[in-house]
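Visitor: I should like a close look at a single part of this model, the second largest pocket. Please describe its space and its lining, and then follow the elements involved into the rest of the structure.

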Amino acid sequence: MTALLTPAGLGNPELLSLLGRTPLARIRTPLPHPHPGFWAKLEGLGAGGMKARSAVAMLRGAHARGELRPGATVVESTSGTLGIGLAFAGQALGHPVVLIGDAELEPSMRQLLHSYGARLEIVGQPAHQGGWQAARLARLRAVLAELPGAYWPDQYNNPDNAAGYHAMAQEIAAELDHLDVLVCSVGTGGHSAGLAEPLRRRWPGLRIIGVDSVGSTIFGQPARPRLMRGLGSSIHPRNVAHHVFDEIHWVGPAEAVDACRRLARGSFVSGGWSTGAVALVASWAARVHPGAAVATVFPDGPHRYLGTVYDDAFCHRHGLEPAHAAPRPIEIPHPAAVEVAGWARWRTDRLEERR
């Protein structure tokens, strides 16, 4: 492989002025039940999407520590969203970007990443243990060995990932007088960890609900092949701050699709799997905690998902019709008690101690 080079000092730092400051919308669409409403941070309307925040923070942190030299190549594994963020950060800070994706990465996302100037490597088979993530990481290590001086941000374990969301926490705190419940999707663990500490300092009684995918092993369920991308994990990222969560919800693809489509029809703003999952849980939280101020983050918009979430044939093929979406969560005593196949809820010991 030929190393990718960018002359030292080149980049477009003016792009950084586009980072963040996304709108906070009030969502009242029934999902599927009526609810008092919740706040949603619309990260899909920001340049580079939500993960541009963490991408810029990770590259800047590496610069400061001397781990990333001017013009050096950045190599990372992605299911898509961080790839867009790194393409943004690479252009802004002057670094070529190599992304390791997998065969399930949508054609539209591949085209978009190429258009932004990223080099894309695709792995064709999931690993026997660790699935697509483990397969991507194995290929990533091989690419790093072929590119002397290249830098791997390691989004799963890099604390700068979480630090990139401190500015988002400041934006939320500046716009809301009070916040009782924060709902966060959980994948690498970056944005939930990055929001939890500063928002709990602002509002000490804040309850934080983590939203995971069925088939994800993050919170103790067995790892299984997952239709949903962007949340959940087949490995255990160190960035997940397990201690901050008051409860965990696992959401299935049928519930996420139903919520996404209801959002699109009733609120105009929508997104993909993560957006549908957190919207469903945020609406539930607003309903079961009357008078509580509830907020969440919509990580991206709907365009990437036109061939999946918003495609009738895809949904029919995978059994994702509204009739298959659970209208409320089942409650489980512990993640090891039962393997969940749809929307489920676990109240952690932290919540019980508070009560």
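Guide: In this predicted model, the second largest pocket holds about 600 Å³ of space. Its lining comprises 27 residues, and Gly-44, Gly-49, Asp-300, Gly-301 and His-303 are the ones closest to the centre of the pocket. Sorted by class, the lining consists of 14 nonpolar, 10 polar and 3 charged residues. Two helices, α2 and α3 (107-115), each supply at least two residues of this lining. The largest share comes from α2, which gives 5 residues.

Helix α2 therefore deserves to be followed further, since the largest share of the lining of the second largest pocket comes from α2. Helix α2 (residues 81-93) also packs against helix α1 (residues 51-65): their axes come within 7 Å and cross at roughly 50°. At that angle α1 is oblique to α2, and the crossing of the two helices is right-handed. On the α1 side, the residues in contact are Lys-51, Ala-52, Ser-54, Ala-55, Val-56, Met-58, Leu-59, Arg-60 and His-63. They meet Thr-81, Leu-82, Gly-85, Leu-86, Phe-88, Ala-89, Gly-90 and Leu-93 of α2. By class, this contact between α1 and α2 has 10 nonpolar, 5 polar and 2 charged residues.

Helix α2 leads on to the largest pocket as well. About 700 Å³ of space lies in that pocket. It is lined by 42 residues, and those nearest its centre are Gln-133, Arg-136, Arg-226, Leu-231 and Gly-232. The elements that give two or more residues to this lining are α2, α4 (131-146) and α7 (190-202). Of the elements, α4 gives the most, with 4 residues. The lining of the largest pocket has 14 nonpolar, 20 polar and 8 charged residues, whereas the lining of the second largest pocket has 14 nonpolar, 10 polar and 3 charged residues.

Helix α7, one of the elements that line the largest pocket, has a helix partner of its own. Helix α6 (residues 166-175) packs with α7 at an angle of about 35°, and their axes are 8 Å apart. The crossing of α6 and α7 is right-handed. From α6, the residues His-166, Met-168, Ala-169, Ile-172 and Ala-173 meet Gly-194, Leu-195, Pro-198, Leu-199 and Arg-202 of α7. The contact of α6 with α7 has 7 nonpolar, 2 polar and 1 charged residues by class.

Helix α4, which gives the most to the lining of the largest pocket, is followed by a loop that deserves attention for its backbone. Asp-154 lies in the loop between α4 and α5 (159-163). Phi of Asp-154 is near 55°, a positive value in a residue other than glycine. A further backbone feature is found in the loop between β1 (24-27) and β2 (38-42), where Pro-32 lies. A cis peptide bond joins Leu-31 and Pro-32, with omega about -5°. As a general matter, most residues other than glycine have a negative phi, and most peptide bonds are trans.

One further helix pair completes this account. Helix α8 (residues 253-266) and helix α9 (residues 273-288) pack at an angle of about 85°, with their axes 7 Å apart. The two helices are therefore roughly perpendicular to each other. Helix α8 contributes Pro-253, Glu-255, Ala-256, Val-257, Ala-259, Cys-260 and Leu-263 to the contact, and α9 contributes Trp-273, Thr-275, Gly-276, Ala-277, Ala-279 and Leu-280. By class, the contact of α8 with α9 has 10 nonpolar, 2 polar and 1 charged residues.

Conventions:
Residues are numbered from 1 along each chain as its sequence is written. This is a predicted model: local features need pLDDT of at least 70, side-chain atom pairs count only at pLDDT 80 or more; totals for chains, interfaces and linings use all residues. Side-chain values use heavy atoms; hydrogens and water are left out. Axes are lines fitted to C-alpha atoms, for helices over the stretch in contact, and angles run from 0 to 180 degrees between N-to-C directions. Angles under 35 degrees count as roughly parallel, over 145 as roughly antiparallel, 65 to 115 as roughly perpendicular and the rest as oblique. A crossing is left-handed if the near helix is turned anticlockwise from the far one by less than a right angle, and right-handed if clockwise. Contact means heavy atoms within 4.5 Å. Ala, Val, Leu, Ile, Met, Phe, Trp, Tyr, Cys and Pro count as nonpolar, Asp, Glu, Lys and Arg as charged, and the others, Gly among them, as polar. On a 1 Å grid over the protein atoms alone, a cavity is a set of points where a 1.4 Å probe fits but cannot get out, and a pocket is an open set with protein on both sides within 12 Å along at least five of seven lines; lining residues have an atom within 4 Å of a point. Grid points are joined across faces, edges and corners, and a volume is the space filled by probe spheres set on the points.
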